[in-house]
Amino acid sequence: MPVYLKFLLIFFLFPTVLFWLIFFPFLRKYKKTFLLTVFFAFIFGVPWDMLSVKTGLWRYDAAPTLGVWFGPSGSGLPLEEYLFILIFPMFAATITLIIRERLKLK
């Protein structure tokens with residue numbers, strides 16, 4: 001399994017799933033929040049990453065990825081980056097809402 005995918009699974013997907021299993025009754029009230037979080041992450045994150053790759057600000061090596069790329073030649077992103085743009089905002093929103101609820105910051 002490629003390194004980038006392992007990283008996503010271990011540090012973001014598994015904890016997010018675990019938190020959702022534990023706090024599902026609370027988190028399901030925030031469906032719209034999660035939908036908007038992921039929507040805006042994609043709207044701003046994908047073009048930002050593509051522009052950064054195209055201008056040479058950063059690059060993705062093919063070795064630690066599955067080798068599946070989407071986007072225009074020269075600025076395409078690996079599948080794992082799209083998964084990151086999906087999973088990380090869900091993780092961050094989940095953690096934020098749980099902490100907010102536990103501290104009763106409303």
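In this predicted model, a search of the whole structure for salt bridges turns up 2 of them. Side chains of opposite charge can pair when their charged atoms come close. One of the salt bridges links the side chains of arginine 59 and aspartate 61, with a nitrogen-to-oxygen distance of 2.1 Å. Arginine 59 counts as exposed because its relative accessibility is 62%, whereas aspartate 61, at 40% relative accessibility, counts as partly exposed. Another salt bridge is formed between the side chains of lysine 104 and glutamate 101, where the distance from N to O is 2.9 Å. Lysine 104 has a relative accessibility of 55% and therefore counts as exposed.

Glutamate 81 offers a contrasting case. This residue is found in helix H3, and it is buried, yet it takes part in no salt bridge. Which side chain of opposite charge is nearest to glutamate 81, and how many Å away is it? The nearest is arginine 59, at 13 Å, while a salt bridge requires a side-chain nitrogen of Lys or Arg within 4 Å of a carboxyl oxygen of Asp or Glu, so the pair does not qualify. Arginine 59 is itself a partner in the salt bridge with aspartate 61 described above. What glutamate 81 does have is a polar contact of 3.3 Å, which joins its side chain to that of tyrosine 60.

These details can be placed within the overall arrangement of the chain. The protein has 3 helices and 2 strands, and, read along the sequence, these elements follow the pattern α-α-β-β-α. Taken along the principal axes, the C-alpha atoms fill a box of roughly 45 × 30 × 20 Å. Of the 106 residues in the protein, 37% are buried.

The helix that carries glutamate 81 also packs against another part of the chain. Helix H1, which covers residues 3-27, and helix H3, which covers residues 79-103, have axes that come within 9 Å of each other and cross at roughly 40°. The crossing in which H1 passes H3 is left-handed. Sorted by class, the residues in this contact of H1 with H3 comprise 21 that are nonpolar, 2 that are polar and 4 that are charged.

Two residues of H3 can be followed individually. Threonine 94 is found in this helix, and it counts as buried because its relative accessibility is 0%. Although threonine 94 and tryptophan 20 are 74 residues apart in sequence, their C-alpha atoms are 7.9 Å apart in space. Leucine 83 also lies in helix H3, but with a relative accessibility of 27% this leucine counts as partly exposed, since the buried class is reserved for values under 20%. Leucine 83 and phenylalanine 23 are 60 residues apart along the chain, and 23 Å separates their C-alpha atoms.

The remaining examples come from helix H2 and from the loop between the strands. Valine 53 lies in helix H2, which spans residues 31-54. Is valine 53 buried or exposed? At 16% relative accessibility, valine 53 counts as buried. Its C-alpha atom is separated by 34 Å from that of tyrosine 30, a residue 23 positions away along the chain.

Proline 72 sits in the loop that runs between strand S1, at 69-70, and strand S2, at 77-78. With a relative accessible area of 47%, proline 72 is partly exposed, because the exposed class begins over 50%. Measuring nothing but the model coordinates, one finds proline 72 and lysine 54 to be 18 residues apart in sequence and 9.5 Å apart in space, C-alpha to C-alpha.

Definitions and conventions
Residues numbered from 1 in each chain as written. Predicted model: local features only at pLDDT ≥ 70, side-chain atom pairs only at ≥ 80, totals over all residues. Heavy atoms only, no water. Axes fitted to C-alpha atoms, helices over the stretch in contact; angles between N-to-C directions. Helix = DSSP H or I, 4+ residues; strand = E, 2+ residues; numbered from the N terminus. Left-handed = near helix turned anticlockwise from the far one by under 90°. Nonpolar A, V, L, I, M, F, W, Y, C, P; charged D, E, K, R; others polar. Buried < 20%, exposed > 50% of the residue type's maximum accessible area, 1.4 Å probe, protein only. Lys, Arg positive; Asp, Glu negative; His and termini not counted. Polar contact = N/O pair within 3.5 Å; in protein donor to acceptor, adjacent residues only side chain to side chain.
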